[in-house]
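Student: I'm new to this one. Could you take me on a close look at the surroundings of the ligand, and then at whatever else is worth seeing?

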Amino acid sequence: MIAIRVENVFKSYVSQSKDRRVQALGGVSFELQSGEILGVVGESGCGKSTLTRIVAGLERPDSGAVFIQDSPLQPIPLFNSKDRIRVVQLVFQDPYSSLNPRQTVFQTIHEVVKIYEPILTRDEQVARVNQLLSQVGISSDLGSRYPHQFSGGQRQRICIARSLAANPEILILDEPVSALDVSVRAEIINLLLDLKEKLNLTYIFVSHDLEIVKHVSDKIVVMLKGEIVESGTWTEIMDTPKNDYTKSLIAAIPVMNQF
Ligand SMILES: Nc1ncnc2c1ncn2[C@@H]1O[C@H](COP(=O)(O)OP(=O)(O)OP(=O)(O)O)[C@@H](O)[C@H]1O
Ligand SMILES: [Mg+2]
């Protein structure tokens, strides 16, 4: 089954100085099968996050279309259209700023469980929160703590648990490990890969880091200035890069890692 189909999406913004429009996406198209991981790479400002927000339904394209599991994506006034948000969830780069500092971890996740599992009793909701925490490797004993009492890696685990609380089928991960200490990046990547298998998820995985994208992705798209300039498997892209920008990315991979 096709999980995501993006057809010729354009998006522009008024620039900060308000004197011109910035074209963030200039005709992006791709398809992703259920259960696959699409890696998205490209330099800063090339439109990766814009693409993730549009696929998640948080922003409307100027033109073009997005289909999620064959139905056209409807705009979501955040919490009004539960069915749509249930399918696609976003995980952001900075786990600290995406958590409410005044809420305990339990409250943060419980808030989402209450929305998505309203028929559960209070005790069942508590059990569900604890299950979500343990799924991401956080002991339920820590539920009464606040975000600042956790490490960066633990906070990203909590953000992942919060996304999973909505029972998504597609997770969009926008630079999910870039803000983390190098030493915990692999742990979080492995957790994400495990969860994908266990829960049968489909991922869009955005990263600056070609090595990570190579490790996780079934398919890769390379973006440049709002367009997809290359797509294929890692091997296809490495063997026959079509675009100069891709060639420069490949050339920048440290030699010892090129195997
Ligand atoms: N809300 C907005 N208002 C105005 N311009 C925006 C807005 N969002 C994005 N842009 C512009 O659109 C372009 C694409 O931005 P986007 O954040 O999608 O890039 P990115 O590839 O995610 O970059 P990074 O790797 O730095 O996260 C940039 O020129 C950016 O300045
Ligand atoms: Mg971005």
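Tutor: Sorted by character, the shell around ligand 1 has four nonpolar residues, six polar and one charged; here Ala, Val, Leu, Ile, Met, Phe, Trp, Tyr, Cys and Pro count as nonpolar, Asp, Glu, Lys and Arg as charged, and the others, Gly among them, as polar. Keep in mind that this is a predicted model, where local features need pLDDT of at least 70, side-chain atom pairs count only at pLDDT 80 or more, and totals for chains, interfaces and linings use all residues. Residues are numbered from 1 along each chain as its sequence is written, while chains are lettered from A and ligands numbered from 1 in the order in which they are written.

So who's in the shell? Around ligand 1 sit Tyr13, Val22, Ala24, Gly42, Ser44, Gly45, Cys46, Gly47, Lys48, Ser49 and Thr50, each with its C-beta atom, placed from the backbone, within 6 Å of the ligand. Two elements, β2 (21-33) and α1 (48-55), give two or more residues each, and α1 has the largest share with three. These elements are DSSP runs numbered from the N terminus: helices are H or I, at least four residues, and strands E, at least two.

Now for the sheet. It is open and mixed, with six strands in the order β6-β7-β8-β3-β9-β10; strands pair if DSSP finds at least two bridges between them. At the edges, β6 (88-91) and β10 (227-232) each pair on one side only. β6 runs parallel to β7 (residues 170-174) over four bridges, and Gln89 has Leu171 of β7 as its bridge partner.
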